[in-house]
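Trainee: I've got a model open and would like to go through how it is put together. Can you walk me through it?

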Amino acid sequence: LPSLAPLIEDNPDLQVDLTVAELHQLPEVLASGRADFVLVNDPIRKESVENHLLGHERNVLVRRSRGFARDAVFIDHDERDSTTIDFFQEQGRSLPKDYRRSFLDDIETIMAGVENGLGRAVIPLHLLRERKALEPVSGFKIQKVPVHLSHFTQPFYTELQKAVLEILKTGVAKALAPSHAVPRLVLDWRE
């Protein structure tokens, strides 16, 4: 969102509609025309869709820093969310024998759930910066997840479309950069 501020200042009549959706919903959001651009982990493999790799989000497994916590419960968005399973597979580990799941709808609610002892969760490292009630679980590596910008190929791009594409490409890539996402000190001992 901060990346769009200069564009909006230069184009005050620009209509902006930012929507949050589950990853599995995003190809349909783009295909239906409900969005001109989507950020996805896996490129959308359709002939008329362009995909741009912007960088990698760094995910970590977190728990509550203090107090009671349900260590065998892992919080995801919904039943179709494979974030926790993918994280453990990339680590080369099996899920705990007593593994259970809880579902909370968005990332802010998931982090609040962890802060209140509902379980553990895999979250982007940059979101950990201001969350003193959360800490990474030791013994796990950072998971790097690709982030792609996807949009339909156009026969002609307006100057505004070109500007939006460039801002999204550079702004998201900058936000994903390790030095921007979290202090270097934190990355050194976890990556």
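Mentor: Sure, and keep in mind that this is a predicted model. Let's start with helix H4, whose buried residues pack against strands E2 (49-64), E3 (73-76), E5 (121-124) and E6 (134-136).

Trainee: Which are the buried residues of H4?

Mentor: H4 runs over residues 107-115. Buried here means under 20% relative accessible area. By that cut-off the buried residues of H4 are Ile 110, Met 111, Gly 113 and Val 114.

Trainee: Why do they end up on the same side of H4?

Mentor: In an α-helix there are 3.6 residues a turn, so residues three or four places apart point the same way. For the buried residues of H4, what puts them on the same side is the arc they cover around the axis, only 155 degrees.

Trainee: What happens at the start of H4, and what does Gly 117 do just after H4?

Mentor: At the start, Asp 106 brings a side-chain oxygen to within 3.0 Å of the backbone nitrogen of Glu 108. Just after H4 comes Gly 117, with a positive phi of about 80 degrees.

Trainee: How many residues does the largest nonpolar core have, and how many come from H4?

Mentor: Nonpolar side chains in soluble globular proteins tend to be buried together. In this model the largest nonpolar core has 13 residues, and Val 60, Val 62, Ile 123, Leu 128 and Leu 134 have the most contacts inside it. Elements giving two or more residues to this core are E2, H4 and E5. The largest share comes from H4, and that share is three residues.

Trainee: What is Leu 134 in contact with, if I leave aside neighbours within four places in sequence?

Mentor: Two of the other well-connected core residues to look for are Val 62 and Ile 123. Leu 134 is in contact with both of those, and with Arg 63, Ser 65, Met 111, Val 114, Glu 115 and Leu 128.

Trainee: Which residues does the second, separate core include?

Mentor: That second core has twelve residues. Among them are Leu 4, Leu 149, Leu 165 and Leu 168.

Trainee: Back to E3. Which of its residues point one way and which the other?

Mentor: In a regular strand, side chains alternate between the two faces of the sheet. In E3, Val 73 and Ile 75 point one way, all four residues named here being buried, and the other way point Phe 74 and Asp 76.

Trainee: In which sense do E3 and E4 pair, and what does Ile 75 stand opposite?

Mentor: E4 covers residues 100-103, and E3 pairs with it over four bridges in the parallel sense. Opposite Ile 75, in E4, is Ser 102.

Trainee: Is Phe 88 buried or exposed?

Mentor: Phe 88 has its place in helix H3 (residues 83-91). Leaving aside neighbours within four places in sequence, its contacts are Leu 61, Phe 74, Arg 93, Ser 94, Leu 95, Pro 96 and Phe 140. Its relative accessibility is 4%, so Phe 88 counts as buried.

Trainee: And what about Gln 143, buried or exposed?

Mentor: Gln 143 lies in strand E7 (residues 143-152). Its contacts, leaving aside neighbours within four places in sequence, include Glu 57, Asn 59, Phe 87 and Val 122. At 5% relative accessibility, Gln 143 is buried.

Trainee: Which residues does His 52 touch, not counting those up to four places away in sequence?

Mentor: His 52 lies in strand E2. With a relative accessible area of 18%, His 52 falls under the 20% cut-off and so is buried. The residues His 52 touches are Val 147, His 148, Leu 149, His 151 and Lys 169.

Trainee: How does Ser 32 count at 36% relative accessibility?

Mentor: Ser 32 sits in the loop between helix H2 (26-31) and strand E1 (38-40). A polar atom of its side chain lies 3.4 Å from the backbone nitrogen of Arg 34. Since 36% is between the cut-offs of 20% and 50%, Ser 32 counts as partly exposed.

Trainee: Zooming out, how many helices and strands are there, and what percentage of the residues is buried?

Mentor: The secondary structure comes to seven helices and seven strands. The C-alpha trace spans about 55 × 35 × 30 Å along its principal axes. Of the 191 residues in the protein chain, the buried ones make up 38%.

Note on methods. Residues numbered from 1 in each chain as written. Predicted model: local features only at pLDDT ≥ 70, side-chain atom pairs only at ≥ 80, totals over all residues. Heavy atoms only, no water. Buried < 20%, exposed > 50% of the residue type's maximum accessible area, 1.4 Å probe, protein only. Arc of directions from axis to C-beta. Contact = heavy atoms within 4.5 Å. Polar contact = N/O pair within 3.5 Å; in protein donor to acceptor, adjacent residues only side chain to side chain. Core = buried A, V, L, I, M, F, W, Y, C linked by side-chain atoms within 4.5 Å. Pairing = 2+ DSSP bridges.
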